[in-house]
Amino acid sequence: MRCARHQRRAELTPDAVQAIVIEVQRDVDPDKKFSWPTYVTAVRARKRCGTVVLVLVVAPDAGVAAWAAENIDLGLGLGNVEPLVLGPAVVPEITDPADAEEETELAVLSAVAHGNRPNGLTVVQAALVALGRLDQEHALVYFQLISNGVA
């Protein structure tokens, strides 16, 4: 996990720091509604990233994606956690290795979201080809995401 500078969201200042916790979620797991908020506080405490920690859930199943996107109310008006969710409905199928090399991170997400679907083998192969252009550290992280997504 690394903190990264973030300027995309309007409510953040240009020097805001953000950490993203990424998790592949294959099934509905009610315990996650309790553990995801702890991820936010634990990463914030460990990384000293100020106020912005996001939980990014990659869900290959549309039903699981809808469940994961539900707001988590912390109670007593103390706030909420809203996981960002990437599921098959919002991630394109990337089957062309040339396209995958141009957009490697999107190809990895495509492999996770569509790897177990009808064109899954082609999508995963395109993503794996794209990993060849990365340094070993990033390629291993992305390979692990793909592996977890299609397991």
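How many helices and strands does the protein have? Let's take a tour of this predicted model and find out.

**View 1. The whole chain, with its six helices and six strands.** That's the count: six helices and six strands. Walk along the sequence and you meet them in the pattern β-β-α-β-α-β-β-β-α-α-α-α. The protein has 151 residues, and 41% of them count as buried. Take the contacts between residues at least 6 apart in sequence: 59% of these join residues at least 24 apart. On the outside, the protein exposes about 8,900 Å², with carbon and sulfur atoms supplying 54% of that area.

**View 2. Strand 3, covered on both faces.** Strand 3 takes in residues 52–58, and seven of its seven residues are buried. In a regular strand, side chains take turns pointing to one face of the sheet and then the other. Here, Val52, Leu54, Leu56 and Val58 sit on one side, while Val53, Val55 and Val57 sit on the other, and all are buried.

**View 3. The neighbours of strand 3: strand 2 and strand 6.** Strand 2 (residues 17–24) runs parallel to strand 3, and seven bridges join the two. Look for Ala19, which stands opposite Val53 of strand 3. Strand 6 (residues 84–86) also pairs with strand 3 in the parallel sense, this time over three bridges. Here Val57 has Val85 of strand 6 as its bridge partner.

**View 4. The largest nonpolar core, with 19 residues.** Nonpolar side chains tend to be buried together in soluble globular proteins. In this core, the residues touching the most other members are Ala100, Val108, Ala111, Leu131, Tyr142 and Ile146. Helix 4 (104–114), helix 5 (120–131) and helix 6 (136–150) each chip in at least two residues. Helix 5 gives the most, with six. Zoom in on Val108: leaving aside neighbours within four places in sequence, it is in contact with Ala127, Leu131, Tyr142, Leu145 and Ile146.

**View 5. A second, separate core of 16 residues.** Among its members are Trp36, Val40, Val57 and Ala68. You've met Val57 already, as one of the buried residues of strand 3.

**View 6. A nonpolar patch out on the surface.** Which residues make this patch? They are Leu74, Leu76 and Leu78, and the patch covers about 380 Å². Leu78 lies in the loop between strand 4 (72–73) and strand 5 (80–81). Why does Leu78 count as exposed? Because its relative accessibility is 64%, and the cut-off for exposed is over 50%.

Note on methods:
Residues are numbered from 1 along each chain as its sequence is written. This is a predicted model: local features need pLDDT of at least 70, side-chain atom pairs count only at pLDDT 80 or more; totals for chains, interfaces and linings use all residues. Side-chain values use heavy atoms; hydrogens and water are left out. Patches are made of residues with over 30% relative accessible area and no salt bridge: like charges are joined within 9 Å, nonpolar side chains (Val, Leu, Ile, Met, Phe, Trp, Tyr) within 5 Å. Accessible areas come from the Shrake-Rupley method with a 1.4 Å probe; for residues, only the protein chains shown count as cover. A salt bridge is a side-chain nitrogen of Lys or Arg within 4 Å of a carboxyl oxygen of Asp or Glu. Helices (H or I, at least four residues) and strands (E, at least two) are DSSP runs, numbered from the N terminus. Buried means under 20% relative accessible area, exposed over 50%, partly exposed in between (1.4 Å probe, protein chains only). Two strands pair if DSSP finds at least two bridges between them. A nonpolar core is a set of buried Ala, Val, Leu, Ile, Met, Phe, Trp, Tyr and Cys residues joined through side-chain atoms within 4.5 Å. Contact means heavy atoms within 4.5 Å.
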